[in-house]
Amino acid sequence: MTLKKILCLILSILTLFSISACGNENNEELSKDIIGIALPTHSLQRWSQDGSNMKEQFEQKGYTVDLEYANDDTETQIQQLQNMIIRGCKVIIIGSIDGTKITDVIKEASNAGIKIISYDRLIRDSENIDFYATFDNYMVGTLQGQYLIDKLELDNGKGPFNLEIFAGSPDDNNATFFYNGAMDKLRPYIDSGVLKVKSGQIEFTNVTTQSWDTDIAASRMDKIVGLYGANEKIDAILSSNDSCAMGVIQSLTKAGYGSAEKPFPLLTGQDCDKLNVSEILKGHQSMSIFKDTRILAEKVVEMTESILKGEDVEVNDTETYDNGKKIIPSYLCEPTYADKSNYKEILIDSGYYTENDIK
Ligand code: BGC
């Protein structure tokens, strides 16, 4: 073999090495998996925060994120999920709108080898849900119910008081958990007559608020307010979340609540939306359940990485969330509440909001 041939051979070997090394680099680029995040709506602060928290945390770890909001429309969400399947997402995280209507598209995703994490709301009637990550929804309700019991001092023999009840959207699996948690606390006092529900609207089907809509809550409150005489007042309102509480506040303000003779009733909420926290500071709303979406996002990012690495996914509940087809292994984060007395510690000192955000 001539020297020229030997040099040529060495050169080709080196070229091959560099191509394969370069190829590895490209593969690494390409192997940054795409994560789909499908959320119900951008118009409620909580969901836009959920989305941006997850996107930021995934992107920091080098993933590509396809984040979509469906304007509370199930057909739009189905289309977005179909696009995520076509785009080759490896894991799809879904905050569903109607938890019973996306079974087919989830089956398609699962057939394509995509793993599904049900986010915050449980997706029902599908065996293709791999994991569920949420806050302890039943506990959200018990905290709200107990708050009313404590503030009304029912266990010190105070009462009777007038209570009205606003639950969430009937197509959201969470709504029943919130309602049941709160009612398991409140029902004994209703049964004993210490809490009176003048509207007679107590059972879940009579107190739901379609799509958690503020205007729907406001117009139901308008009707209920009309049932109370000039010398009667509502003392407490169980509202499952902040968007419903906002409707209640609008209606009560219109009806003249907020004076010394007719102060705002105790009113619960959930999400600590900025607008509602400022209503708490004004004394129009009493409390709101705080679900630190940074923690839930962190958990979901962790779960996703374990799935992608083929490792065990950490869950802390394998009993509670039966979606009608199977029990979904779940990770439940713990909610707490913020009110006037502790909002600084819970919301400001934790870095969740600045004082300016809620003024
Ligand atoms: C969520 C709540 C939210 C509600 C309305 C529920 O599924 O858990 O945090 O307030 O939806 O968006």
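**Notebook: the ligand site**

I began with the ligand and asked which residues surround it: of the 13 residues in its shell, Asp-120, Arg-121, Asp-172, Asn-241 and Asp-271 come nearest. I note at the outset that this is a predicted model, and I read every distance below with that in mind.

Next I sorted the shell by class, and I found six charged residues, four nonpolar ones and three polar ones around the ligand.

I then looked up individual contacts to oxygen atoms of the ligand. For Asp-271, an N or O atom of the side chain is 2.5 Å from a ligand oxygen, while for Asp-120 a polar side-chain atom lies 2.6 Å from an oxygen atom of the ligand. For Asn-174, the corresponding entry in my list is a polar side-chain atom 3.1 Å from a ligand oxygen. Having these contacts in hand, I checked how far the ligand is covered: taken alone it exposes 310 Å², and the protein buries 99% of that area.

Where does the ligand sit? I find it in the largest cavity.

I turned to the elements that build the shell, and I recorded that helix 2 (45-60) and helix 6 (173-191) each supply at least two of its residues. At the level of domains, residues of the shell come both from domain 1 (3-129 + 292-333) and from domain 2 (137-291 + 354-358), and therefore the ligand lies between the two.

I went back to Asp-271, one of the residues that come nearest to the ligand, to see its backbone. Asp-271 is in the loop between strand 9 (266-267) and helix 10 (274-282), and its phi is near 115 degrees, which is a positive value in a residue other than glycine. I therefore keep two entries under Asp-271, the positive phi and the 2.5 Å side-chain contact to a ligand oxygen, without linking them by cause.

Last, I looked at one more backbone feature, a cis peptide bond that joins Gly-159 and Pro-160, with omega about 0 degrees. Pro-160 lies in the loop that runs between helix 5 (137-152) and strand 6 (161-166).

Key:
Residues numbered from 1 in each chain as written. Predicted model: local features only at pLDDT ≥ 70, side-chain atom pairs only at ≥ 80, totals over all residues. Heavy atoms only, no water. Near = heavy atom within 4 Å. Polar contact = N/O pair within 3.5 Å; in protein donor to acceptor, adjacent residues only side chain to side chain. Areas by Shrake-Rupley, 256 points an atom, 1.4 Å probe, with all protein chains shown as cover. 1 Å grid on protein atoms, 1.4 Å probe; cavity = no way out; pocket = protein on both sides within 12 Å on 5 of 7 lines; lining within 4 Å. Sits in = over half its atoms within 2 Å of the grid points. Helix = DSSP H or I, 4+ residues; strand = E, 2+ residues; numbered from the N terminus. Nonpolar A, V, L, I, M, F, W, Y, C, P; charged D, E, K, R; others polar. Domains from an automatic or database assignment.
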